[in-house]
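Hi,

Here is the structure I said I would pass on. Have a look at it first, and my notes follow underneath.

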Amino acid sequence: PFPADLKLGKKLNEGKTKQIFELLDEPGHVLVQSKDQITAGNAVRKDQMEGKAAIANKTTSCVFRLLQDAGIKTAFVRQHSETAFVASQCEMIPIEWVCRRIATGSFLKRNPGVKEGYRFSPLKTEMFFKDDANNDPQWSEEQLLVAGLEPADLTIGRCEVDIMNKSTVAIFEILEKAWATQNCTLVDMKIEFGVNVSTKEVVLADVIDNDSWRLWPAGDRSQQKDKQVYRDLKEVTPEAMQMVKRNFEWVSEQVKLLLEPQTVGRVVVLMGSTSDMAHCERIRKACSSYGIPCNLRVTSAHKGPDETLRIKAEYEGDGMPTVFVAVAGRSNGLGPVMSGNTAYPVINCPPVTPDWGAQDIWSSLRMPSGLGCSTVLSPDAAAQHAAQILGLTNHLVWAKLRASMLNTWISLKQADKKLQHCSL
């Protein structure tokens, strides 16, 4: 059930596969309307594919939601209809950023001698200047810097190029992890950035759909599900187009599964007494920012060890991946007792007080042999550590951690740029 139609203003742009309209009732927003057209080789080959607009829109809306929920800055606002979505208005940066995990396609032509299947670790990023007349030539960073592009009055300099480069890698890694949950290899992909006309920020823009990547189920090229199937057709017959459409539909169905966690984990915070409640609430709040459920319990391993072990058994008994966080001031018996009696990870997060803190901390650090609990003093960092453990099996938690790393890096870069402008 999509809302009533929007008041469309003038058509701002039209590409091979979509049209962009201004929205009269929502200044700063546009409608991105997909078309039932599929093209290859700069539209040397192009065909109508009935239903493609809906498939592409469904795919791109899911992918953008996944990235946005992780914390990646994008232009996507909401899906509007079967075939259109609403986005922040951007002036596009005319560069296709390509990120590769496995060497195939044009990379092999440009780098003779490299065999198909060569694996890039770290990932390989390349950029291509959008220029149909010259078949989108590959550009170097230097060419981009010298070009002096100024979308939405933002000069694309060193800072912006580095941000796009780092973002491309993070976006690829998040989608690669997500597709791996469906036993699909993300081989390579292309994305574009724009400058949000309202905030002047560089954001992921355009679309990410089945034209944007190579996807090999089980890492097997012969099962490819992406647009390469269409590019490779010897001749375009109705039967061949049906096969291409089935692949595109398969991807749009699979992509919905990427929004669902494979395993739901939880954090259980055990506190020695309710006087530690404020400390524990900070852990819970930080857990919720990673989308991790967090239970708070009160138990003292010194005063009621039987009860501590009963609570432990309660959470071990339902099979849900669990990280325990022990919060105990003064002498921490809670963490070590838990750690000696469970195979699940235990993190000590003692609330350290100014008076005896320097002495108390040793009860969390010096353990009898056979105990493996870690100690993290900051409640936010303890939650982050728990998220990193659960992120090993939950791609949505991992995506939030990965995006957070990127956003921290970007804010440092921007702070440095701002400071340089001030001191100049």
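Let me start with a hairpin: β2 and β3 make one, with five residues between the two strands. In its turn sits Gly 28, which has a positive phi of about 85°. Keep in mind as you read that this is a predicted model.

The two arms of that hairpin, β2 (residues 18-23) and β3 (residues 29-34), are antiparallel and pair over five bridges. If you want a spot to click on, Phe 21 has Leu 31 in β3 as its bridge partner. β3 also pairs with β7 (residues 84-88), again antiparallel and through five bridges. There you can find His 29 opposite Ser 88 of β7.

Next, the empty space. Rolling a probe the size of a water molecule over the atoms shows where empty space is left. Searching the whole structure turned up one cavity of 30 Å³ or more, and the largest cavity holds about 60 Å³ of space. Which residues line the largest cavity? They are Thr 17, Lys 18, Ser 34, Lys 35, Lys 52, Ala 53, Ala 56, Asn 57, Thr 60, Val 207 and Asp 209. Helix α1 (residues 52-70) gives the most to this lining, with five residues. Sorted by class, the lining has four charged, four polar and three nonpolar residues.

Now the packing. In soluble globular proteins, nonpolar side chains tend to be buried together. In this model the largest nonpolar core has 60 residues, and Leu 175, Ile 208 and Trp 213 are the ones that touch the most other members. Helix α4 (residues 158-180) supplies the largest share of this core, 11 residues. Leaving aside residues up to four places away in sequence, Leu 175 touches Val 63, Leu 66, Leu 67, Leu 186, Met 189, Ile 208 and Trp 213. There is also a second, separate core of 24 residues, with Ile 283, Cys 294, Val 325 and Cys 349 among them.

One last residue: Val 197, in the loop between β12 (184-196) and β13 (202-205). Is Val 197 buried, exposed or partly exposed? Its relative accessible area is 25%, so Val 197 counts as partly exposed, given that buried means under 20% and exposed over 50%. Not counting residues up to four places away in sequence, Val 197 touches Gln 89, Cys 90, Glu 91 and Ala 152. Ser 364 lies 167 residues from Val 197 along the chain, and their C-alpha atoms are 51 Å apart.

Cheers

Key:
Residues numbered from 1 in each chain as written. Predicted model: local features only at pLDDT ≥ 70, side-chain atom pairs only at ≥ 80, totals over all residues. Heavy atoms only, no water. 1 Å grid on protein atoms, 1.4 Å probe; cavity = no way out; pocket = protein on both sides within 12 Å on 5 of 7 lines; lining within 4 Å. Points joined across faces, edges and corners; volume = space filled by probe spheres on them. Helix = DSSP H or I, 4+ residues; strand = E, 2+ residues; numbered from the N terminus. Nonpolar A, V, L, I, M, F, W, Y, C, P; charged D, E, K, R; others polar. Pairing = 2+ DSSP bridges. Buried < 20%, exposed > 50% of the residue type's maximum accessible area, 1.4 Å probe, protein only. Contact = heavy atoms within 4.5 Å. Core = buried A, V, L, I, M, F, W, Y, C linked by side-chain atoms within 4.5 Å.
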